[in-house]
Amino acid sequence: MNRSLRTRSSAVLSVAALSVLTLAACSDDTEETEDTTAAVEETTEAMDETTDEMETEEEMEEETTDEMVSADAPFGPGCAAYVEANPTGPASVEGMAEGTVVDAAIANPELQTLKAAVAGELNADVNLVETLNGGEFTVLAPINDAFAALPEEDLNAVVADADLLTGVLTYHVIPGKLGPDEIVGEHETVNGEIVTVTGMGDDMMFNDAGLVCGNVATSNATVYMIDAVLLP
């Protein structure tokens, strides 16, 4: 009887001990599994963060590249149409860059009225060719439609008065070549009066005139074609 009891007790203890060991082993396995899962999750998160950082750096590099390109390239709401209409030759963006600002005005089909005004064709007493070819300038160049928009009586009055015409034309000329990062602000013109440039990109304004196509390079000037004639 006692022996039987001892035998049963030993069996129970053995089963209990085995259960404890089994539970311990399971617990260890569970902890190891949890630790492994946590490590994998941490590694995945780190990889995701690294990927995000790389993508952000790539985007910043692309934006910087775009900015560098736009800093050197013409811009404005009318640029695409102009480039499409004048893809090659002296009137193209590349062609104008090879000559002076007067050469560019002669070649540019949008600046024929301005060319006539500065070359003495509208008033023989007003010829600014040598002046414009003799230094570095930023030229605010009204397109043909800008002159056409002026009342005919007013335009004729300006053209007939050499001093007045000279004053109007030189009000469109700023000493020095100014790029997009320099043009915004107030500038004293060759006329001696101040012109105010505001806005950015396509929304840039020159007093009350809007931008057509700007940052067009010539050998001695930077040209901003505008949609209105500026009056000092």
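This report describes the strand pairing, nonpolar cores and side-chain pairs of one predicted model.

Residues are numbered from 1 along each chain as its sequence is written, and side-chain values use heavy atoms, with hydrogens and water left out. Because the model is predicted, local features need pLDDT of at least 70 and side-chain atom pairs count only at pLDDT 80 or more, while totals for chains, interfaces and linings use all residues.

**The sheet**

Seven strands make up an open sheet of mixed pairing, in the order S2-S1-S7-S6-S5-S4-S3. Strands here are DSSP runs (E, at least two residues), helices likewise (H or I, at least four), and both are numbered from the N terminus. Two strands pair if DSSP finds at least two bridges between them. Strand S2 (173-175) and strand S3 (185-188) are the edge strands, each pairing on one side only. The table lists three of the pairings.

| Strands | Sense | Bridges | A residue and its partner |
|---|---|---|---|
| S1 (residues 137-142) and S7 | parallel | six | Ala141 and Met225 in S7 |
| S6 (residues 209-217) and S7 | antiparallel | four | Cys213 and Met225 in S7 |
| S1 and S2 | antiparallel | three | Thr138 and Ile174 in S2 |

Met225 of S7 is thus the bridge partner of Ala141 and of Cys213. S6 and S7 also form a hairpin, with three residues between them.

**Strand S7**

How many residues of strand S7 are buried? Six of the six residues (221-226) are buried, so the strand is largely enclosed by the rest of the structure. Buried means under 20% relative accessible area, exposed over 50% and partly exposed in between, with a 1.4 Å probe and protein chains only. In a regular strand the side chains alternate between the two faces of the sheet. In S7 both faces are covered: Ala221, Val223 and Met225 are buried on one side, and Thr222, Tyr224 and Ile226 on the other.

**Nonpolar cores**

A nonpolar core is a set of buried Ala, Val, Leu, Ile, Met, Phe, Trp, Tyr and Cys residues joined through side-chain atoms within 4.5 Å. The largest one has 33 residues, of which Val101, Leu132, Val139, Leu169, Val223 and Met225 touch the most other members. Elements giving two or more residues to this core include helix H2 (79-85), helix H4 (101-107), helix H9 (162-170), S1, S6 and S7. H9 provides the largest share, four residues.

Leu132, leaving aside its neighbours within four places in sequence, is in contact (heavy atoms within 4.5 Å) with Val101, Val102, Val118, Phe137, Val173 and Asn220. A second, separate core of 15 residues includes Leu178, Val197, Ala209 and Leu230.

**Aromatic pair and salt bridge**

A search of the whole structure finds one aromatic pair. Rings of Phe, Tyr and Trp (its six-membered ring) pair if their centres lie within 6.5 Å; planes under 30 degrees apart count as stacked, over 60 as edge-to-face and the rest as tilted. The ring centres of Phe206 and Tyr224 are 5.7 Å apart and the planes are at 50 degrees, so this pair is tilted. Phe206 belongs to strand S5 (residues 205-206) and Tyr224 to strand S7, so the pair ties together parts 18 residues apart in sequence. Phe206 is buried at 0% relative accessibility, and Tyr224 is buried with a relative accessible area of 0%.

The structure holds one salt bridge, defined as a side-chain nitrogen of Lys or Arg within 4 Å of a carboxyl oxygen of Asp or Glu. This salt bridge joins Glu121 and Lys115, whose closest N and O atoms are 3.3 Å apart. Lys115 counts as buried, at 16% relative accessibility.
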